[in-house]
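Got a minute to go through some calls on this one? Let's put the numbers next to the cut-offs and see what comes out.

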2 protein chains.
Amino acid sequence: MQNTDTTPSTDASRAAARRQQILCAAARCFREHGFHGASIAKISAIAGMSPGHIYHYFENKEAIIAAIVAQDLESLLEMTAQFRAACNVRAALIERAAEGVVRQLDPDAAGLKLEIVAEAARNPRVAQIVNEADIICRRELAIVIGDIRRRSGHQDSPAAIDGMVEVLACLFEGLLQRTIRNPGLDRDKVTQRIQIAIDDLLNQPGEDALAARP
Amino acid sequence: MQNTDTTPSTDASRAAARRQQILCAAARCFREHGFHGASIAKISAIAGMSPGHIYHYFENKEAIIAAIVAQDLESLLEMTAQFRAACNVRAALIERAAEGVVRQLDPDAAGLKLEIVAEAARNPRVAQIVNEADIICRRELAIVIGDIRRRSGHQDSPAAIDGMVEVLACLFEGLLQRTIRNPGLDRDKVTQRIQIAIDDLLNQPGEDALAARP
DNA sequence: TAACATAGAATGAGCGTTCAATCTAGAATA
DNA sequence: TATTCTAGATTGAACGCTCATTCTATGTTA
């Protein structure tokens, strides 16, 4: 806001800021009205610029949607990377998981994340972004789970690990829906039970023992 | 289709059929374009009637959305009731669960279900329908889980049971997202691992033992 | 001056919704 | 039986509005 500097903000950084300003406004509108219910007029009003000006930074509305989706998934990838970076110890994973659970239980964020998956179910461009991010997430989680299992003396096939990754993902992604379907849920109790479920998941029998189980 | 009767099809049943015709077309449109992307014109075209005629059966578009939501949740309630009706034995629950898992993994159905939850996050009318259905589901599941736990010798507080219900719900609802985020997942393997996870869930320690666990 | 940032009106398409007009088929009448 | 009446089913054009997008004109800055 000050211009005492020789070049307070370069063209590039100014443009980036404008872009972010639009994305921020768009995220809010998409949360409140959905991708198709939010109009360029509303987004531009909240972003504090004219509708036409939006088109200097984004080709069209779908490009804004794609950017929002990519931005949201980036935060997911960060979280997954944190799982991996944490020393590969069971306790550390489970502790980090608690933070993840709490984050998933924020209803505002949940609304947008669900909107994204719903859109992915019908919009190929969004589907591609989502699918590619999911591949990365699964790869990371498979490494973490594989590590822990190996330390516990298990010898699992990749397919077995993949199955566990899917269940772990179910637990986290299911929370997005729970916080909307049951807004009054007891966050602490749920976090506790999810932690136990993850612990149990990491203890599931290997494939050989699997056939004889049920 | 024959009119040998005095009144082959009453006004009421004909109207009900027309209503269902509209709902069927609407479900398809909503799946393909989302609640806001689907237009009355498209719905009426698929339903095989004029746009104006739709308004003889539904007050407005939101009423159609509400009806679709209610219809979808009704099938959920049926599934939950089946859980309860099945003899309250662990094995029976887990076997039924497998059917539920498969059903949740159908990508077409998943798209509409996710659209509904996303809409519930911002549309109070839809939120109310969803919340009320969820209360019923949780009540039923709590009874089933409570029964099983009691037979296994556990004494749980209602809050503890509620926590387990939430985790069970996470597993099922998470599948809706998994089938879209990872369309190539191995359905059999996932079903197997989910079954084990549910079995473990029903074996989680009670509250007294909980503090000393991690 | 040259180049870019920005505004805001203009455009044409499509939206949800309404409504007067038409069709249809059984009841009433002759 | 032949004709008219009637009420609901159904149509499709029209309405007012909002949409995404484009275009032209006006700052602004270097």
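Q: What makes B:Cys24 count as exposed?
A: This is a predicted model, and in it B:Cys24 has a relative accessible area of 53%. Exposed means over 50%, so B:Cys24 gets that label.

Q: Why is B:Cys24 not in a disulfide with B:Cys29?
A: The closest cysteine sulfur to that of B:Cys24 is in B:Cys29, and it sits 10 Å off. A disulfide needs the two sulfurs within 2.5 Å, so this pair is too far apart for a bond.

Q: And how many disulfides does the structure hold over all chains?
A: The count is 0. Over in chain A, A:Cys24 is in no disulfide either, with the sulfur of A:Cys29 the nearest cysteine sulfur at 10.0 Å. A:Cys24 is exposed too, at 53% relative accessible area.

Q: What makes the pair between B:Tyr55 and DNA strand C a polar contact?
A: A polar side-chain atom of B:Tyr55 is 2.5 Å from a phosphate oxygen of the strand. The limit for N or O pairs is 3.5 Å, so the pair qualifies.

Q: Which backbone atoms come close to phosphate oxygens of DNA strand C, and at what distance?
A: A polar backbone atom of A:Ser50 is 3.0 Å from one, and a backbone N or O atom of B:Ala38 is 3.3 Å from one. Both values fall within 3.5 Å, so these are polar contacts as well.

Q: How many residues surround DNA strand C, and how do they divide by type?
A: There are 15, made up of 5 nonpolar, 7 polar and 3 charged.

Conventions: Residues are numbered from 1 along each chain as its sequence is written. Chains are lettered from A and ligands numbered from 1 in the order in which they are written. This is a predicted model: local features need pLDDT of at least 70, side-chain atom pairs count only at pLDDT 80 or more; totals for chains, interfaces and linings use all residues. Side-chain values use heavy atoms; hydrogens and water are left out. Buried means under 20% relative accessible area, exposed over 50%, partly exposed in between (1.4 Å probe, protein chains only). A residue is near a molecule or strand if one of its heavy atoms lies within 4 Å of it. A polar contact is a pair of N or O atoms within 3.5 Å; within protein, one must be able to donate a hydrogen and the other to accept it, and residues adjacent in sequence count only if both atoms are side-chain atoms. Ala, Val, Leu, Ile, Met, Phe, Trp, Tyr, Cys and Pro count as nonpolar, Asp, Glu, Lys and Arg as charged, and the others, Gly among them, as polar.
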